Amino acid sequence: MNKVVLVILLSFIIPLTHFSHIFLNDKHNKEIPIESIRFNLPSPDITKTASFGYQNLIADILWLRFIQYVGSFYISENKYLPDLYSFLDNITTLDPNFKDAYSIGAYSLSENKEFDKAISLLDKGIKNVDDWYIPYQAGFLYYIKKKNKKMAIFYFEKARKYKENEDLMIRLIASLKLQTDSDDYDVQIELWKAVYESSKKIKDLYNVEKAEKKIIEITIKKDLKNIQKNIDKYNKDLDKNDNTVYPDGFSDKDKKETTSQKKLEEWKDLVDAKIVPKIPLDPFKRPYIFDTKKQEVYSFPIPWEKKK
């Protein structure tokens, strides 16, 4: 490496290292907002020209700085970071085949409330990386973030062209085309399972953990909805088969109070009535909470939920 190239490379490395150091120190300093810390990266074309053939080296350096930047973002209560896309655009211009920069970067952008830039980055990845997960991720984001089934199907069709996970794409496309409100939870769970498996392969621990939590949260919502339906069905069947003969002068209010006393009293009643095969438990093996007075079902707090 000649001296000129070395000087140019150092001109990138030293400022980035310096700003990263400041940033990582100041993330604990409440007097300096994270949003105000800028790296002022040059445009991707300038970075590429100035790399003098050491594009992958510069891309790797930028990627390390990006990981520090995003790592601080995750522990800073989701504050907006203005330089995320600048990092990723530079990295993927220097190294167009950098798959992790597209996949991890797109999630970071979507969390940073930059949905359009996340999709733009993934579109760039679709052109440069031969991998099913990039178009899948675009479809995933369209569905999870925007509930846009048409665009989700559009990108899943692109992902379907790859043999890897082709069956999953076919199932998802079919589910979205036939989807009703009642099966939305099933689609979401399947989408997050794919994110979990893919993130696990590339050791993207943040999204592995996030996917695990999302699957549990959605499963609980699905359970609550189904259990409530079963409670309502049990009570409806009771009302339908109520042959009670009320004495003369028994008011409608008295009849209602008497009927309400016959409503579901415990989970065992659902099992005895053969409406459910066993007492329902949440993903943590805890029973769901049943309010006998309101005839409604609730879940225990999820461990990672913030206390209100």
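**Reading the assignments in a predicted model**

Trainee: Why is Arg 286 called partly exposed in this predicted model?

Mentor: Arg 286 has a relative accessible area of 21%. Buried would require under 20% and exposed over 50%, so 21% places Arg 286 in the partly exposed class.

Trainee: What makes the pairing of Asp 282 and Arg 286 a salt bridge?

Mentor: Their side chains meet with N and O 2.8 Å apart. The limit is 4 Å between a side-chain nitrogen of Lys or Arg and a carboxyl oxygen of Asp or Glu, and the pair therefore qualifies. Unlike Arg 286, which is partly exposed, Asp 282 counts as buried at 4% relative accessibility.

Trainee: Which residues do salt bridges with shared partners join into one network?

Mentor: Glu 111, Lys 145 and Lys 210 are joined in this way.

Trainee: How do you know that Lys 210 and Glu 111 form a salt bridge?

Mentor: The closest N and O atoms of Lys 210 and Glu 111 are 2.2 Å apart, and the cut-off is 4 Å. Lys 210 lies in helix H11 and Glu 111 in helix H5, so the pair ties together parts that are 99 residues apart in sequence.

Trainee: Why is the approach of these two side chains also called a polar contact?

Mentor: The side chains of Lys 210 and Glu 111 come to 2.2 Å, and a polar contact requires N or O atoms within 3.5 Å, one able to donate a hydrogen and the other to accept it. Apart from residues up to four places away in sequence, Lys 210 touches Glu 111 and Trp 192.

Trainee: Are Lys 210 and Glu 111 buried or exposed, and what makes them so?

Mentor: Lys 210 has 16% relative accessibility and Glu 111 has 13%. Buried means under 20%, so both values lead to the buried class.

Trainee: What makes Glu 164 and Lys 201 a salt bridge?

Mentor: The N to O distance between their side chains is 3.6 Å, and the rule admits pairs within 4 Å. Glu 164 lies in the loop between H8 and helix H9, and Lys 201 in helix H10, so the pair ties together parts that are 37 residues apart in sequence. Glu 164 is partly exposed at 42%, while Lys 201, at 63%, passes the 50% limit and is exposed.

Trainee: How many salt bridges does the rule give for the protein?

Mentor: The count comes to 13.

Trainee: How do you know what span is expected for helix H6?

Mentor: The expected span is 1.5 Å times one less than the number of residues. H6 has 14 residues, and the expected value is 20 Å; from first C-alpha to last, H6 reaches 20 Å, close to that expectation.

Trainee: Which elements do the buried residues of H6 pack against?

Mentor: They pack against H4, H5, H7 and H8. Among the buried residues of H6 are Phe 115, Ile 119 and Leu 122.

Trainee: Which residues does Tyr 85 contact, beyond its neighbours within four places in sequence?

Mentor: Tyr 85, in helix H4, is in contact with Leu 109, Lys 117, Ser 120 and Leu 121.

Trainee: What makes Tyr 298 eligible for a nonpolar surface patch?

Mentor: A patch residue needs over 30% relative accessible area and no salt bridge. Tyr 298, in strand E2, has 33% and is partly exposed. Together with Ile 289 and Phe 300, Tyr 298 makes a patch of about 230 Å².

Technical notes: Residues numbered from 1 in each chain as written. Predicted model: local features only at pLDDT ≥ 70, side-chain atom pairs only at ≥ 80, totals over all residues. Heavy atoms only, no water. Helix = DSSP H or I, 4+ residues; strand = E, 2+ residues; numbered from the N terminus. Contact = heavy atoms within 4.5 Å. Patch = residues over 30% accessible without salt bridge, like charges linked within 9 Å, V, L, I, M, F, W, Y side chains within 5 Å. Areas by Shrake-Rupley, 256 points an atom, 1.4 Å probe, with all protein chains shown as cover. Buried < 20%, exposed > 50% of the residue type's maximum accessible area, 1.4 Å probe, protein only.
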